[in-house]
Structure formats: structure tokens, C-alpha cells
Amino acid sequence: LGDADYEPGTVLVFSGKEEITICSKRNDHRVAGIVSTDPAHLMNGGLTGSNVVPLALMGRVPCLAIGPVVKGDMMVSAGFGYAKADANPATGTVIGKALETLEDGVKATIEVVVGKV
């Protein structure tokens, strides 16, 4: 369950009033995943509540990102529900790897592979 209804691509963390909430910190080690648009498998499909969030734990999903990002970069939280590239991320902070390139300073939705990297 989420603290609110989040738009697809939003980076979430294990925190808040419920189980997950929007990530507000850079390089947050509590990162949970990204809000999915079309989950292949919906775990806890019977979950009920005000804000049931389809959270991507693995797979290819759109992600709100802030550039610069180069395809293949490891992605970490950038705050405000966004992700950013990090060449030397701390253990436990990686969300996934970028499948697209994004110019410096640009905010956009890009494809990211979430999961073991």
C-alpha cells in the first residue's frame, strides 16, 4: 500500500504512513522500486486499500529521470520521485539500469530495467 496514488514511473521507498511512499532523498538506501504501467505479474493481487500501487521489483518499466543519463547507467534515487545516473552507487541504492539516454538537466520518462544489476 502506498501513502498516495502515484503516477507511473515514480520512484518509491519503503517508508511513510503505509508501506511505501515517494522517494524524497538522493541515493536513498530504502528504495523499493518504480510504479509500473503494465505489470506482467501482480503480486498481492488481492490487496485492498485506498492506494494499492503496482510496484515494479523486476522488469522493464518507465521511470521518471533527470539527466544526464547514458544507456546502461546504474540508476539511483534523485528525490521528488525521480531517478538519476550514478557511476559509483552505494550498496542498496541501485534501482536498475537505464535503457535510454537523457541529456543533462532534462527531466523525462525513460525505460529502465529494474532488478538485479
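**Exercise 1. In which sense do β6 and β7 pair, and over how many bridges?**

Solution. Bear in mind that this is a predicted model.

Step 1. Find the two strands. β6 covers residues 74-79, and β7 covers residues 82-85.

Step 2. Read the pairing. Four bridges link β6 and β7, in the antiparallel sense.

Step 3. Check one bridge. S77 has A83 in β7 as its bridge partner.

Step 4. Look at the connection. β6 and β7 make a hairpin, with two residues between them. F80 sits in the turn, with a positive phi of about 60°.

**Exercise 2. Find the other strand that bridges join to β6, and decide how enclosed β6 is.**

Solution.

Step 1. β6 is also joined to β8, residues 96-98, by two bridges. These two strands run antiparallel.

Step 2. Take a facing pair. M75 stands opposite G96 in β8.

Step 3. Turn to burial. Five of the six residues of β6 are buried, so the strand is largely enclosed by the rest of the structure.

**Exercise 3. Work out the strand order of the open four-stranded sheet, and name its edges.**

Solution.

Step 1. The order is β2-β1-β3-β4. The pairing is antiparallel.

Step 2. Pick out the edge strands. They are β2 (20-22) and β4 (55-56), and each pairs on one side only.

Step 3. Move inward. β1 and β3 are paired by three bridges, again antiparallel. Across this pairing, V11 stands opposite I34 in β3.

Step 4. Recall the general principle. Strands of a sheet pair through backbone hydrogen bonds, either parallel or antiparallel.

**Exercise 4. Describe the largest nonpolar core, then place V11 in it.**

Solution.

Step 1. This core has 18 residues. The members that touch the most others are V11, I34, M75, I95, I110 and V112.

Step 2. Ask which elements supply it. β1 (11-14), β3 (31-35), β5 (59-66) and β9 (107-114) each give two or more residues.

Step 3. Note a second core. Apart from the largest one lies a core of six residues, including L12, A32, V35 and V53.

Step 4. List some partners of V11. Beyond four places in sequence, its contacts include I22, I34, C63, S77, A83 and I95.

Step 5. Set this against a general tendency. In soluble globular proteins, nonpolar side chains tend to be buried together.

**Exercise 5. Is Y6 buried or exposed, and what does it touch?**

Solution.

Step 1. Locate Y6. It is in the segment before β1.

Step 2. Apply the cut-off: buried means under 20% relative accessible area. Y6 has 14% relative accessibility, so it counts as buried.

Step 3. Look for partners beyond four places in sequence. Y6 is in contact with L12, I20, T21, I22, V35 and V53.

Step 4. Take one of these, I22. Y6 and I22 lie 16 residues apart in sequence, and their C-alpha atoms are 7.8 Å apart.

**Exercise 6. Find the two salt bridges, and compare the exposure of the partners in each.**

Solution.

Step 1. R30 and D28 form a salt bridge through their side chains, at 2.9 Å from N to O. R30 is partly exposed, at 27% relative accessible area. D28 is buried, at 0%.

Step 2. E111 and R60 form a salt bridge at 3.4 Å, N to O. This pair links distant parts of the chain: E111 is in β9 and R60 is in β5, 51 residues apart.

Step 3. Check exposure here too. E111 is partly exposed, at 22% relative accessible area. R60 is exposed, at 59%.

Step 4. Add a charge over a ring. K107 lies over the face of Y82, at 5.2 Å from the ring centre. The structure holds zero aromatic pairs.

**Exercise 7. Pick out unusual backbone geometry.**

Solution.

Step 1. Start from the rule. Most residues other than glycine have a negative phi, and most peptide bonds are trans.

Step 2. Test N27. Its phi is positive, about 55°, and it is not a glycine. N27 lies in the loop between β2 and β3. Its relative accessible area is 32%, so N27 is partly exposed.

Step 3. Test F80. Its phi is also positive, near 60°. At 70% relative accessibility, F80 is exposed.

Step 4. Test the peptide bonds. G67 and P68 are joined by a cis bond, with omega of about 15°. P68 is in the loop between β5 and β6.

Note on methods. Residues are numbered from 1 along each chain as its sequence is written. This is a predicted model: local features need pLDDT of at least 70, side-chain atom pairs count only at pLDDT 80 or more; totals for chains, interfaces and linings use all residues. Side-chain values use heavy atoms; hydrogens and water are left out. A nonpolar core is a set of buried Ala, Val, Leu, Ile, Met, Phe, Trp, Tyr and Cys residues joined through side-chain atoms within 4.5 Å. Buried means under 20% relative accessible area, exposed over 50%, partly exposed in between (1.4 Å probe, protein chains only). Contact means heavy atoms within 4.5 Å. Two strands pair if DSSP finds at least two bridges between them. Rings of Phe, Tyr and Trp (its six-membered ring) pair if their centres lie within 6.5 Å; planes under 30 degrees apart count as stacked, over 60 as edge-to-face and the rest as tilted. A charge sits over a ring if NZ of Lys or CZ of Arg is within 6 Å of the ring centre and within 35 degrees of the ring normal. A salt bridge is a side-chain nitrogen of Lys or Arg within 4 Å of a carboxyl oxygen of Asp or Glu.
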